[in-house]
Amino acid sequence: MRTEEEQVAAIKSWWKENGKSLVLTVAVVLAGVFGWKAWQQKQANDAEAASIIYQNLVQAVAVSVQQGAADDVTTANHLGQQLKNDYDGSEYAKLGSMLLARIAVDQKNYDAAMKELNWVLENEPSQEMTSVILMRKAQVYLAQGKPEEGLAELNKVSDEAFKAAALELSGDLQLAKGDKSAARKAYEQALLANSDSGSRQLLTIKLDDLAADQEG
């Protein structure tokens, strides 16, 4: 059995051989813990800041849509760009870009709208947001008189939740293309897939207009 002096000597020897590595390991672990907490705090701060900018953007867009104020359009564009520049990985940046696309469409600046929508697609949106963006691109192509390009975008929409809306938009694009038969078929399929009374009523009107046009 070791004497007390031998035990102390053994401890000193072990510490001499392993003490530095132990201190280093503890330091690394502590740095990781505090670094993680700092990162989490930064994420929370960034999310809060992005949220405030987005709320201001929504307000500016609402005023610009209602009143057509040029100053508010300028403010909205500035806030949207700030979100993309400073918080490009956030959902707020994607939503902000979609709002900028809305303003651009209202101003008939379709190229700018497409640029915003494509930016969202390039920044890993959710499947649901991807479907929304593809349909909005199709609507922009419709406004530009490019139904073929719009149909190509709709063909990429795979989310079942958007089936009825995509079919109706497909009918609009087919009609713009001059294919009334394909438009009627799309409207009829949309009617079957749609459970919303307002949407069904609109689809019925579109089908009635097609029938009346053919009779005429």
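In which loop does lysine 108 lie? The legends below answer this along the way, and they describe a predicted model.

**Figure 1. Overview of an all-helix chain.** The protein has 9 helices and 0 strands, and from the N terminus on its elements run α-α-α-α-α-α-α-α-α. Of its 216 residues, 33% count as buried. If you like to think in contact maps, take the contacts with a separation of 6 or more: residues 24 or more positions apart account for 50% of them.

**Figure 2. Lysine 108 in the loop between H3 and H4.** Here is the reply to the opening question: lysine 108 lies in the loop between H3 and H4. Its phi is positive, at about 60°, although the residue is not a glycine. Lysine 108 is exposed, because its relative accessible area of 62% is over the 50% cut-off.

**Figure 3. Glutamate 124 in the loop between H4 and H5.** Another non-glycine residue with a positive phi is glutamate 124, at about 50°. The loop between H4 and H5 is where you will find glutamate 124. With a relative accessibility of 71%, glutamate 124 counts as exposed.

**Figure 4. The largest nonpolar core.** This core holds 38 residues, and Leu57, Leu83, Met135 and Leu154 touch the most other members. Two or more residues each come from helix H1 (4–67), helix H2 (70–86), helix H3 (91–106), helix H4 (110–121), helix H5 (127–143), helix H6 (147–154) and helix H7 (163–177). The top contributor is H5, which gives 8 residues to this core. Apart from this core lies another one, of 8 residues, with Ala183, Tyr187, Ala190 and Leu210 among them.

**Figure 5. Leucine 154 and its partners.** Zooming in on one of the core residues, we leave aside neighbours within four places in sequence. Leucine 154 is then in contact with Met135, Ala138, Ala166, Leu169, Ser170 and Leu173. Leu154 is also one of the residues that touch the most other members of the largest nonpolar core.

**Figure 6. Glutamate 153, a buried residue of helix H6.** Is glutamate 153 buried or exposed? It counts as buried, because its relative accessibility of 7% is under the 20% cut-off. Glutamate 153 lies in helix H6. Not counting residues up to four places away in sequence, glutamate 153 touches Leu134, Lys137, Ala138 and Tyr141.

**Figure 7. The tyrosine pair between helices H1 and H3.** The count of aromatic pairs comes to 1. This pair is formed by tyrosine 54 and tyrosine 92, with 5.7 Å centre to centre and 45° between the planes, and it is tilted. The two partners link distant parts of the chain: tyrosine 54 is in helix H1 and tyrosine 92 in helix H3, 38 residues apart. Tyrosine 54 is buried, with a relative accessible area of 18%, whereas tyrosine 92 counts as partly exposed at 28% relative accessibility.

**Figure 8. Lysine 84 over a tryptophan ring.** This view is about a charge and a ring face. Lysine 84 lies over the face of tryptophan 119, and the distance from the ring centre is 5.3 Å.

**Figure 9. The largest pocket.** About 230 Å³ of space lies in the largest pocket. Its lining is made up of Tyr54, Leu95, Met98, Leu99, Ala101, Arg102, Val105, Leu117, Arg136, Gln139 and Val140. Two elements, H3 and H5, give two or more residues to this lining. Which element provides the largest share of the lining? That is H3, with 6 residues. Tyr54 from the lining is also a partner in the tilted aromatic pair with tyrosine 92.

**Figure 10. Leucine 175 in helix H7.** Leucine 175 lies in helix H7 and is partly exposed, with a relative accessible area of 36%. Leaving aside neighbours within four places in sequence, leucine 175 is in contact with Lys180, Ala183, Tyr187 and Leu210. Among these partners, Ala183, Tyr187 and Leu210 belong to the core of 8 residues. Leucine 175 and proline 147 are 28 residues apart in sequence, with 8.7 Å between them in space, C-alpha to C-alpha.

Methods. Residues numbered from 1 in each chain as written. Predicted model: local features only at pLDDT ≥ 70, side-chain atom pairs only at ≥ 80, totals over all residues. Heavy atoms only, no water. Core = buried A, V, L, I, M, F, W, Y, C linked by side-chain atoms within 4.5 Å. Buried < 20%, exposed > 50% of the residue type's maximum accessible area, 1.4 Å probe, protein only. Helix = DSSP H or I, 4+ residues; strand = E, 2+ residues; numbered from the N terminus. Contact = heavy atoms within 4.5 Å. Phe/Tyr/Trp six-rings, centres within 6.5 Å; stacked < 30°, edge-to-face > 60°. Lys NZ or Arg CZ within 6 Å of the ring centre and 35° of its normal. 1 Å grid on protein atoms, 1.4 Å probe; cavity = no way out; pocket = protein on both sides within 12 Å on 5 of 7 lines; lining within 4 Å. Points joined across faces, edges and corners; volume = space filled by probe spheres on them.
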